[in-house]
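This report covers the surroundings of a bound ligand and one residue of the protein chain.

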Amino acid sequence: MNIIKDRFKDSVMIVTGAAGGIGKAIALRAAKEGAKLVLADRKVEMSKSTLDEIKAITDDVEFLVLDLSKAENCRRVTEVAKDKFGGLDILINNAGIMGNPAPVHKITEKEFRNVFDCIVMTAFHMSHFGINLMLEGNKGGAIVNTSSVAGLVGFPGHSAYVTAKHALNGLTRNMALDYAKNGIRVNAINPGVTDTPMYHEALDYLKRKKEAAEKAGIKLQGGIVSGKTTSPQNRVALAQEVADVCLFLASNEASNVTGIVMPVDGGFTAY
Ligand SMILES: NC(=O)c1ccc[n+]([C@@H]2O[C@H](COP(=O)([O-])OP(=O)(O)OC[C@H]3O[C@@H](n4cnc5c(N)ncnc54)[C@H](O)[C@@H]3O)[C@@H](O)[C@H]2O)c1
């Protein structure tokens, strides 16, 4: 990673899902490049230790530990951006969960809604309050949504996650159209399998499920970490590689880029 000095100097940036994985990698690099950060996540311990790491780089950081699927909490995050740093330039909607895989006839409404809320409603609420703040500032802005290759193609058994990530890509395109006239660019990155806590949770879940199935004499098939997992690069991405593309889209270097849903997947969706 080559730090681009002062790339985000004087930029106020919100990153959701910043406690670990891709969100933390985004926040750490943005801090090194001069951003004033408002971070949010619901994981208490991980948020605390990430805040400590970022405080070693900059004092211009606030970390709110709350559930972003609730509108009021998203409003609070944007209020902190306004009260502490005077506005908002960049919003990174990165929070998300995969949920346990289940096809439609098996998943409960509660499980389906939970995945949808943590991905789509979180991005909707944050964008609603965030765009109002950007419009107030009247100097444009940039939004990057962390979607997934599951927003571009289907994955056997992952009905809720695939639905939510496709919806997030739709929201991305529509916001790009609606706010181009205000100088607000909106794009999405669509990572493939990336080495983060979410990936390890999915592997653990699959391992437990496989063991239980073997005991019961059932043969499992499909699933995001058991089906087509390899990209042509034949490796799992690093969180930093995904963060780098996100920050490119958030920066002025991408000033003519809006409305794209960009795979960051080592070629996974190319075949
Ligand atoms: N890791 C992968 O293979 C992969 C692939 C494609 C897309 N993604 C996406 O990348 C994004 C980041 O995930 P990651 O891989 O870094 O995993 P991660 O689990 O480390 O990060 C996601 C973060 O979002 C937070 N979050 C989720 N719902 C929340 C809520 N309602 N309120 C507050 N915080 C909430 C979690 O606490 C977590 O810290 C997610 O949107 C994920 O869907 C990940």
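Which polar side-chain atom lies 2.9 Å from a nitrogen atom of the ligand? In this predicted model, that atom belongs to aspartate 67. Two further side chains have an N or O atom paired with an oxygen atom of the ligand: aspartate 41 at 2.6 Å and lysine 165 at 3.0 Å. The table lists these polar contacts.

| Residue | Ligand atom | Distance |
|---|---|---|
| aspartate 41 | oxygen | 2.6 Å |
| aspartate 67 | nitrogen | 2.9 Å |
| lysine 165 | oxygen | 3.0 Å |

On its own, the ligand has 810 Å² of accessible area, and the protein covers 96% of this. Helix H1 (21–32), helix H5 (159–179) and helix H6 (197–216) are the elements that each give two or more residues to the shell around the ligand. The shell is made up of 11 nonpolar, 12 polar and 5 charged residues. Of the 28 residues around the ligand, those that come nearest are Ile22, Asp41, Tyr161, Thr194 and Thr196.

Next comes a residue in a strand. Threonine 16 belongs to strand E1 (residues 12–16). Is threonine 16 buried or exposed? Its relative accessible area is 0%, so threonine 16 counts as buried, the cut-off being under 20%. A polar atom of the threonine 16 side chain lies 3.0 Å from the backbone nitrogen of alanine 95. Leaving aside residues up to four places away in sequence, threonine 16 touches Ala40, Leu68, Ile92, Asn93, Asn94, Ala95 and Met126. Alanine 95 thus appears both in this list of contacts and in the polar pair with threonine 16.

Definitions and conventions: Residues numbered from 1 in each chain as written. Predicted model: local features only at pLDDT ≥ 70, side-chain atom pairs only at ≥ 80, totals over all residues. Heavy atoms only, no water. Near = heavy atom within 4 Å. Polar contact = N/O pair within 3.5 Å; in protein donor to acceptor, adjacent residues only side chain to side chain. Areas by Shrake-Rupley, 256 points an atom, 1.4 Å probe, with all protein chains shown as cover. Helix = DSSP H or I, 4+ residues; strand = E, 2+ residues; numbered from the N terminus. Nonpolar A, V, L, I, M, F, W, Y, C, P; charged D, E, K, R; others polar. Buried < 20%, exposed > 50% of the residue type's maximum accessible area, 1.4 Å probe, protein only. Contact = heavy atoms within 4.5 Å.
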